[in-house]
Each structure stands twice: as C-alpha cells, then as structure tokens.
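Work through these exercises with the structure open beside you. Try each task before reading its solution.

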Amino acid sequence: MDDKFRQKKEAEGNALMDSGAKYLETSIWKLKTSPDYDSAAMDFEKAVTCYKLAKNMDKAIEAALKTAHCYLKTNGEFHCAKMMEQVAYFYRDKNDLKNCSRYIEDSSNHYRNCGEIDSAFQSFDKLAKSIDQSSGASELHKSTAVELLKKAFQVGRISNRPNEAVHALDYAGKILLSMNKYQEALDLVKQSWEFYEETGNTKMKFRTGLHIALLSLKLGNIEEAQSMAIVMQSIDEELAGELDVLIKAFVKGDQKTVSKITMGQNFVYTENEFAKLGASLEVPESSRLAFEKSGNRSFGDIAPESYASGNQEFDEDDLS
C-alpha cells in the first residue's frame, strides 16, 4: 500500500471528522438546539475505516471513541460496545496492553448493560486468545491473556455459554503452566474442578482431578495429591489406583514407577501441557538417592493392571 493511498485515506478521514463535529454543534440562530448524534456517529465511524486503511492507529482510536460516545447518546449501547471492542484491538496492535485491557472491559460492561451477556464473554475470550497467540508473545502478553480469560470466565458462567466459559479458565491454566507458574495454574484448575462438580461433569472431573494431582506433586504438596486420589475413588477407581501408586512412588523416590505411570494412557492423552508436566515429573533428588541406596524393588517392575486394580503383588511395606 503506497504512501499516496495512505495520505488520501487520512485526508478523507480528516474531512469526515470535521463533518461529524459539525453535526454536534448547536446554534440558537440556526434553530439547532441539540446535537445530531446519529449523523455524527455515521461520519466518525466512516473516519475509523479511513484511518485504519491509512495505518494511523492513533486517529482511528480517536474516531472510534467519538463514535462510541455518539452511540451511547442515542441509546445504541450495543454499537457503543462494538466500537469499544475495536479500540481494544487497536491498542493491542499498538502493544499497549494496559489500555487494551481497559477498553475491552468497558466493551464487555456495555454488552452486559444491554443484555448481551454472550457477547460480553466473547469479547474477553477472543481478545485474550489473540494476545496469547500473537507472534513473539512475551510473558506480559501471556499474563494479560490470563487475566482477561479469568474475567471471561466470571462473565461467561452466567451466560448461555457456561461450558465455553470454563474452557476459558482451562485455557488460562495451560498458559500459566507453559510459564512454569504452577501454583497459579493449580488455583485455576481448582476453580474448574468446582465448576465441573457443580454441573456434574464426570468426564471433566476425571481430567481435572488428574491435573490437580500432578500440579500438587510438582509443588511438593503430597497431602493435596493424596486427598485428590481419595476423591477420585468415586469417579474412576482405575485412575485412583494409579494415582495412589504414583504418589507413593513419588514419596519413596521411585523415579522408574513415576515415569512409567505418567507415560501411561490416562496421563499421555490428557491436555498437551499437562501431558508434558507428567512426562517431566521428577521425584526429589534426596528421595531418589535414598531409594536407590535401599535396593527396594521398584513398583515399576509390577504390571500396571495389578496396581491399578488394587491387586498388589508387592509388599505393603513398599507402599507405606
């Protein structure tokens, strides 16, 4: 796109902004006592398009905000929300994540005010994912995406898309996991668990319970992992059996068994980031050295179906 084209479009945008401003003027002498917000909004919105084509984001933002203001004055809050959403994307493209977050929240609030809860959720969700998936996304980008996804969940859970809402939370957890922020990821996974428990989604409780156990072990919180293994007994006895042996092997320092279980079907076929977490789970070094020195038999030498079903073929002392 050459400079002449951009200059032409910017000039068209400037003319439309001047035209829109005149519609807002009032004059007793011209018997115009109130601004014509509808006509002004039309010109300002056309100016937004011109400035976008001219690659002048600052002027596009100015025009979009004026358009939104006019729509709000004419009770067109839905259109105001869409304009605010555009502003958020402009700031995203300018890499101004603070203002990007500010205006998408304004947009979502306007959507909610006019009863468009689904749109309020989607505005957060789509923008967050676009920020996370942008080329060269930094830690700040990912952290911003997480915060927006958390807000999407809070809005979406009361919308017609509650399942999509919790998927936003799951997505945020996986971003945190990719950043090695395990405690924050665990906090979000626990929220997902509560949601799936409220809705009776056993399939997702199976996966989420597995994720909680893995994160707890990664953080060295053995008691929390053990508690989840007990809870899982009522959901899937086979997985609960595997978790029980995994936790005991982890505590004992039996890396062979830990690796064997986390490379099993239940763990490998979970979400990608959690599969990686399981595959890279390492027992504490001191426990591993103590286990190797003791010469105890590895649980990993036992057939998986034996410990999964509870028919242990090894000494109970090994599991204490």
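The model is predicted.

**Exercise 1. State the hand of the crossing of α2 and α4, then describe how the two helices run and meet.**

Step 1. Take the hand. α2 passes α4 in a left-handed crossing.

Step 2. Take the geometry. Helix α4 spans residues 77-93. The axes of α2 and α4 come within 13 Å and cross at roughly 20°.

Step 3. Classify the direction. Angles under 35 degrees count as roughly parallel. Therefore α2 is roughly parallel to α4.

Step 4. List the residues. α2 contributes E45, V48 and K52. α4 answers with M83, Q86 and F90.

Step 5. Sort them by class. The contact of α2 with α4 holds three nonpolar residues, one polar and two charged.

**Exercise 2. Find how α2 packs against α3, and which residues meet.**

Step 1. Locate the helices. α2 covers residues 37-53, and α3 covers residues 57-73.

Step 2. Read off angle and distance. The helices pack at an angle of about 160°. Their axes are 8 Å apart.

Step 3. Classify the direction. Angles over 145 degrees count as roughly antiparallel. So α2 is roughly antiparallel to α3.

Step 4. Add the hand. The α2 and α3 crossing is left-handed.

Step 5. List the residues. On the α2 side are Y37, A40, A41, F44, E45, A47, V48, Y51 and K52. On the α3 side, the residues include M57, A60, A63, A64, C70 and Y71. Also on α3 are K59, K66, T67, H69 and K73.

Step 6. Sort by class. This contact of α2 with α3 has 13 nonpolar, two polar and five charged residues.

**Exercise 3. Describe the packing of α5 on α6.**

Step 1. Locate the helices. α5 runs over residues 97-113, and α6 over residues 117-132.

Step 2. Take the geometry. The two axes come within 7 Å and cross at roughly 160°. That makes α5 roughly antiparallel to α6.

Step 3. Add the hand. α5 and α6 cross in a right-handed sense.

Step 4. List the residues. α5 supplies L97, C100, I104, E105, S107, S108, Y111 and R112. α6 supplies I117, S119, A120, S123, F124, L127 and I131.

Step 5. Sort by class. The contact of α5 with α6 divides into nine nonpolar, four polar and two charged residues.

**Exercise 4. Place R92, and find what R92 touches beyond its sequence neighbours.**

Step 1. Place the residue. R92 lies in helix α4.

Step 2. Check exposure. R92 has 25% relative accessibility and counts as partly exposed.

Step 3. Find the contacts. Leaving aside neighbours within four places in sequence, R92 is in contact with C100, L127, S130 and I131.

Step 4. Cross-check with Exercise 3. C100 of α5 and L127 and I131 of α6 also belong to the contact between those helices.

Step 5. Compare with a distant residue. R92 and K293 are 201 residues apart in sequence. Their C-alpha atoms are 56 Å apart.

**Exercise 5. Which loops hold K55 and N95, and what is the sign of phi at each?**

Step 1. Recall the background. Most residues other than glycine have a negative phi.

Step 2. Take K55. K55 sits in the loop between α2 and α3. Its phi is positive, about 60°, although K55 is not a glycine. K55 is exposed, with a relative accessible area of 53%.

Step 3. Take N95. N95 sits in the loop between α4 and α5. Its phi is also positive, at about 65°. At 49% relative accessibility, N95 counts as partly exposed.

**Exercise 6. How many residues has the largest nonpolar core, and which have the most contacts inside it?**

Step 1. Recall the background. In soluble globular proteins, nonpolar side chains tend to be buried together.

Step 2. Size the core. The largest nonpolar core has 89 residues.

Step 3. Name the hubs. L215, M232, L243, L246 and F267 have the most contacts inside this core.

Step 4. Find the main contributor. Helix α8, residues 162-178, gives the largest share, nine residues.

Step 5. Follow L215. Beyond neighbours within four places in sequence, L215 contacts L177, Y182, A185, L186, V189, F274 and L277.

Notes
Residues are numbered from 1 along each chain as its sequence is written. This is a predicted model: local features need pLDDT of at least 70, side-chain atom pairs count only at pLDDT 80 or more; totals for chains, interfaces and linings use all residues. Side-chain values use heavy atoms; hydrogens and water are left out. Axes are lines fitted to C-alpha atoms, for helices over the stretch in contact, and angles run from 0 to 180 degrees between N-to-C directions. Helices (H or I, at least four residues) and strands (E, at least two) are DSSP runs, numbered from the N terminus. Angles under 35 degrees count as roughly parallel, over 145 as roughly antiparallel, 65 to 115 as roughly perpendicular and the rest as oblique. A crossing is left-handed if the near helix is turned anticlockwise from the far one by less than a right angle, and right-handed if clockwise. Contact means heavy atoms within 4.5 Å. Ala, Val, Leu, Ile, Met, Phe, Trp, Tyr, Cys and Pro count as nonpolar, Asp, Glu, Lys and Arg as charged, and the others, Gly among them, as polar. A nonpolar core is a set of buried Ala, Val, Leu, Ile, Met, Phe, Trp, Tyr and Cys residues joined through side-chain atoms within 4.5 Å. Buried means under 20% relative accessible area, exposed over 50%, partly exposed in between (1.4 Å probe, protein chains only).
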